[in-house]
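Here is a short set of exercises to work through with the structure open beside you. Try each task first, then follow the solution step by step.

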Amino acid sequence: MADSAGIQQGSPAIGAAGLVPAAPGAAGTEGSGAAGRSARIAVKKAQLRSSPRPKKLEKLGVYSSCKAEGACKCNGWKSQNPPPTPPRTDQQSNTLCELCNSAHRDHVTHLENVSEEEMNRLLGIVLDVEYLYTCVHKEEDADTKQVYFSLFKLLRKSILLMGKPMLEAQDSPPFEKPSIEQGVNNFVQYKFSHLPSKERQTIMELAKMFLNQINYWQLETPSQRRQRVPNDDAAGYKANYTRWLCYCNVPQFCDSLPRYETTQIFGRTLLRSVFTVMRKQLLEQARQEKDKLPPEKRTLILTHFPKFLSMLEEEVYSHSSPIWSQDFLAGASGGQIPIHTECHPPPDNSEYFLLLLHILTVGEKRKPSEPLTQEENKRPRVVGDIPMDLINEVMATIADPAAIPETSLLSAHSARDEAARLEERRGVIEFHVIGNSLNQKPNKRILMWLVGLQNVFSHQLPRMPKEYITRLVFDPKHKTLSLIKDGRVIGGICFRMFPSQGFTEIVFCAVTSNEQVKGYGTHLMNHLKEYHIKHEILNFLTYADEYAIGYFKKQGFSKDIKVPKAKYVGYIKDYEGATLMGCELNPSIPYTEFSVIIKKQKEIIKKLIERKQAQIRKVYPGLSCFKEGVRQIPIESIPGIRETGWKPMGKGKELKDPDQLYSSLKTILQHVKSHQNAWPFMEPVKKTEAPGYYQVIRFPMDLKTMSERLKSRYYTTRKLFMADMQRIFTNCREYNPPESEYYKCANLLEKFFYTKIKEAGLIEK
């Protein structure tokens with residue numbers, strides 16, 4: 001999103017000192033959204049690998065060298081440096097290459113006899129190349145950009161040579177012995193081997209917690225470190241930082257590259273560079289979260305953990321500590337510390353700290369990574385749940401281009417931003433966040449874009465004085481998300497961020513008149529939402545005139561302002577005759593792909609309905625008994641009636657009167673909420689109290705949500721009400737171990753609930 005200068009020309013000196021050029025990793029850029037990005041890349045790879053073979057050849061042809069006669073040197077792209085826009089992949093195999101004028105099939109002749117497995121491997125590298133290409137253009141830090149570019153070239157070369165990506169470095173992991181993991185293990189044996197078994201196990205848990213934190217710690221950039229510690233060994237830190245980025249961080253998202261754990265390939269040198277900051281943040285987090293810890297664990301975290309870190313700090317910075325010697329002999333009773341390794345990108349540091357605290361409270365709730373036991377697998381599913389194997393089967397059908405034709409952009413079923421999203425993918429349009437600066441040298445291109453934005457806003461917002469528009473567009477405190485097409489500005493959103501107040505004010509929003517009704521406005525707003533999620537600002541405020549209210553409503557804005565009035569009064573600009581509107585962002589939603597996700601969900605539901613209808617769409621012969629003089633028959637004797645799901649009234653009476661049903665359900669819910677075992681289920685589970693809960697539980701439910709649903713008349717049948725209540729109990733038993741207090745509360749409350757349901761006559765006694 002952010003505008004950046006052009007990529008440095010030439011090849012970075014890979015292997016110059018046994019290293020890839022140094023670069024900061026994800027500090028500040030790959031935070032809490034890492035898991036979402038990794039999941040999206042995995043989905044794209046799965047979809048591409050399920051495509052027909054001709055489609056795969058098209059994709060690989062763009063990145064393969066030309067095999068035509070005449071010593072053609074075309075490698076898919078004209079040079080080793082990325083072009084301004086990614087190559088198009090929608091050319092047919094019989095068209096000519098835009099760069100060498102050879103037939104497109106001449107780029108893939110060497111792949112005709114390649115196995116499907118090898119082709120899928122190469123396609124995985126292709127998507128990693130495209131991800132790194134995006135990283136290069138979005139990254140603002142020069143060192144980071146250089147490393148991304150080096151890895152980009154490495155993967156491109158692997159596609160051309162059909163080889164496996166191997167980092168060209170003189171040193172290979174591990175870079176220092178003993179490793180951090182071994183050093184901490186030695187420390188535990190050195191200082192605590194004399195303790196009784198139970199106390200030593202507690203220390204082992206603290207050590208495991210500390211090592212996990214290092215494995216998912218986001219290192220600060222070399223430039224940031226130079227500002228914080230100007231007298232430190234900058235070259236040594238930069239070398240380790242680069243290794244960490246190439247071997248630990250980037251492979252989390254680009255699985256074509258080999259991945260290693262930080263604690264297994266680095267030693268005391270890296271640990272010394274991060275220990276002080278890490279220790280301070282860990283202890284600060286512990287103090288902040290102390291009230292959320294169980295009483296029996298509070299002493300462990302607030303008393304023993306600080307002592308553990310203090311003792312370890314002495315050994316880390318001591319020049320004579322024996323634990324860093326390769327000849328250190330661990331005690332006979334010791335063993336390697338088990339490292340809990342995640343296979344997905346980590347959350348940000350604060351969230352992961354809570355997950356680490358959860359390791360020490362494993363008796364209270366089951367860890368998300370633990371597999372279900374055989375007994376747990378036998379539990380009945382909640383009525384209405386759809387088996388995952390059926391979902392996966394339908395997803396494979398949805399993702400198959402041969403089975404599902406492309407939706408026409410003119411279709412009523414296409415999303416508003418579908419055309420804009422396709423244009424961005426093909427490089428027709430670009431999005432950049434730009435602004436004026438008083439501290440940096442003026443950039444001619446950015447200044448031209450700002451002038452273009454001033455013209456667009458002036459033409460499209462005639463009620464606004466031009467001087468006022470110019471002042472805000474060029475104000476260094478304001479930024480503008482600009483929409484660029486063919487090198488010129490055709491639209492944008494001018495905004496001002498107030499991080500301390502937790503919101504951003506949208507000042508101007510416009511698209512030039514001859515480019516409207518193409519979905520650009522929706523796609524602009526979606527890009528702005530993702531930009532703010534990245535910067536951890538989750539609220540928009542704006543004053544909309546009568547002509548803009550409709551647009552903002554479609555983008556999720558409403559007159560119900562979530563930001564407290566005290567937060568924005570005196571900050572936001574007030575406009576006479578306009579309506580204040582707000583929008584609250586959800587950080588788990590990928591807004592630029594949101595309409596695609598909704599479309600796929602609709603397609604999945606449609607397919608599931610079609611499959612269900614195919615099962616019950618059976619025609620039975622008409623009833624002939626009435627012609628023979630029979631005046632009345634039981635309903636259940638009608639052929640096919642039971643297959644529709646009908647049950648006799650005795651099996652579960654359905655109240656026809658909505659008011660009567662509402663009254664009965666309200667009484668039952670009040671009894672349940674008043675029960676002594678209802679306290680764990682009164683409100684939604686908080687992430688801070690149960691880290692990883694929402695990765696385990698797909699469909700959460702609680703009594704507060706049920707009360708809101710009942711009030712809005714959502715429960716039109718008793719089955720809906722019973723299904724939600726049953727889901728509360730099932731979710732609890734799925735997440736918590738049988739010996740926990742929560743598990744016992746669920747069982748007792750469930751028994752009480754069904755007693756009340758029977759008393760109300762909604763199910764048979």
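**Exercise 1. A buried threonine**

Task: Find which side chain has a polar atom 2.9 Å from the backbone oxygen of Ile 506, and decide whether that residue is buried or exposed.

Solution:
- Step 1. Start at the backbone oxygen of Ile 506; the polar side-chain atom 2.9 Å away belongs to Thr 542. Keep in mind that you are looking at a predicted model.
- Step 2. Place the partner: Thr 542 is part of strand β5, which covers residues 539–544.
- Step 3. Judge its cover. The relative accessibility of Thr 542 is 2%, so this residue counts as buried. The cut-off for buried is under 20%.

**Exercise 2. Salt bridges, one pair at a time**

Task: State how many salt bridges the structure holds, then work out which parts of the chain are tied together by the pair Arg 279 and Glu 313.

Solution:
- Step 1. The total is 16 salt bridges.
- Step 2. Look at Arg 279 and Glu 313: they form a salt bridge in which the closest N and O atoms are 3.6 Å apart. This distance can be checked against the limit of 4 Å for such a pair.
- Step 3. Arg 279 sits in helix α10 (residues 268–288) and Glu 313 in helix α11 (residues 295–317), so their bridge ties together parts that are 34 residues apart in sequence.
- Step 4. Check the cover on each side. Arg 279 counts as partly exposed at 23% relative accessibility, and Glu 313 is partly exposed with a relative accessible area of 23%.
- Step 5. For another example, turn to Glu 220 and Arg 228, whose side chains meet in a salt bridge at 2.6 Å, N to O. Arg 228 is partly exposed, its relative accessible area being 41%.

**Exercise 3. From a pair to a network**

Task: Begin with the salt bridge between Lys 518 and Glu 515, and find which residues are joined with them into one network.

Solution:
- Step 1. In the bridge between Lys 518 and Glu 515, 2.8 Å separates the closest N and O atoms.
- Step 2. Compare the accessibility labels: Lys 518 is partly exposed at 32%, whereas Glu 515, at 6%, counts as buried.
- Step 3. Follow the shared partners. Lys 485, Arg 488, Glu 515 and Lys 518 are joined into one network by salt bridges.

**Exercise 4. Backbone angles worth a second look**

Task: Identify which peptide bonds leading into Pro 174 and Pro 178 are cis or trans, and find what sign phi has in Met 162 and Asp 486.

Solution:
- Step 1. Recall the background: most residues other than glycine have a negative phi, and most peptide bonds are trans.
- Step 2. The bond from Pro 173 to Pro 174 is cis, with omega near 0°. The bond from Lys 177 to Pro 178 is cis too, with omega near -5°.
- Step 3. Locate the prolines. Pro 174 falls in the loop between α4 (142–161) and α5 (180–192), and Pro 178 is in the loop between α4 and α5 as well.
- Step 4. Met 162 also belongs to the loop between α4 and α5. Its phi is positive, near 55°, and at 26% relative accessibility Met 162 counts as partly exposed.
- Step 5. Asp 486 has a positive phi near 55°. Asp 486 is in the loop between β2 (479–485) and β3 (488–498), and with 65% relative accessibility it counts as exposed.

**Exercise 5. Two surface patches**

Task: Name which residues make the positive patch and which make the nonpolar patch of about 390 Å².

Solution:
- Step 1. The positive surface patch is formed by Arg 40, Lys 44, Lys 138, Arg 425 and Lys 534.
- Step 2. Take Arg 425 as a sample member: Arg 425 lies in helix α15, residues 418–425, and counts as exposed at 53% relative accessibility.
- Step 3. The nonpolar patch consists of Leu 623, Phe 626, Val 630, Ile 635 and Ile 638.
- Step 4. Here, sample Leu 623. Leu 623 is in the loop between α21 (594–616) and α22 (658–674), and its 39% relative accessibility makes it partly exposed.

Methods: Residues numbered from 1 in each chain as written. Predicted model: local features only at pLDDT ≥ 70, side-chain atom pairs only at ≥ 80, totals over all residues. Heavy atoms only, no water. Patch = residues over 30% accessible without salt bridge, like charges linked within 9 Å, V, L, I, M, F, W, Y side chains within 5 Å. Areas by Shrake-Rupley, 256 points an atom, 1.4 Å probe, with all protein chains shown as cover. Lys, Arg positive; Asp, Glu negative; His and termini not counted. Charge placed at Lys NZ, Arg CZ, Asp CG, Glu CD. Helix = DSSP H or I, 4+ residues; strand = E, 2+ residues; numbered from the N terminus. Buried < 20%, exposed > 50% of the residue type's maximum accessible area, 1.4 Å probe, protein only. Polar contact = N/O pair within 3.5 Å; in protein donor to acceptor, adjacent residues only side chain to side chain.
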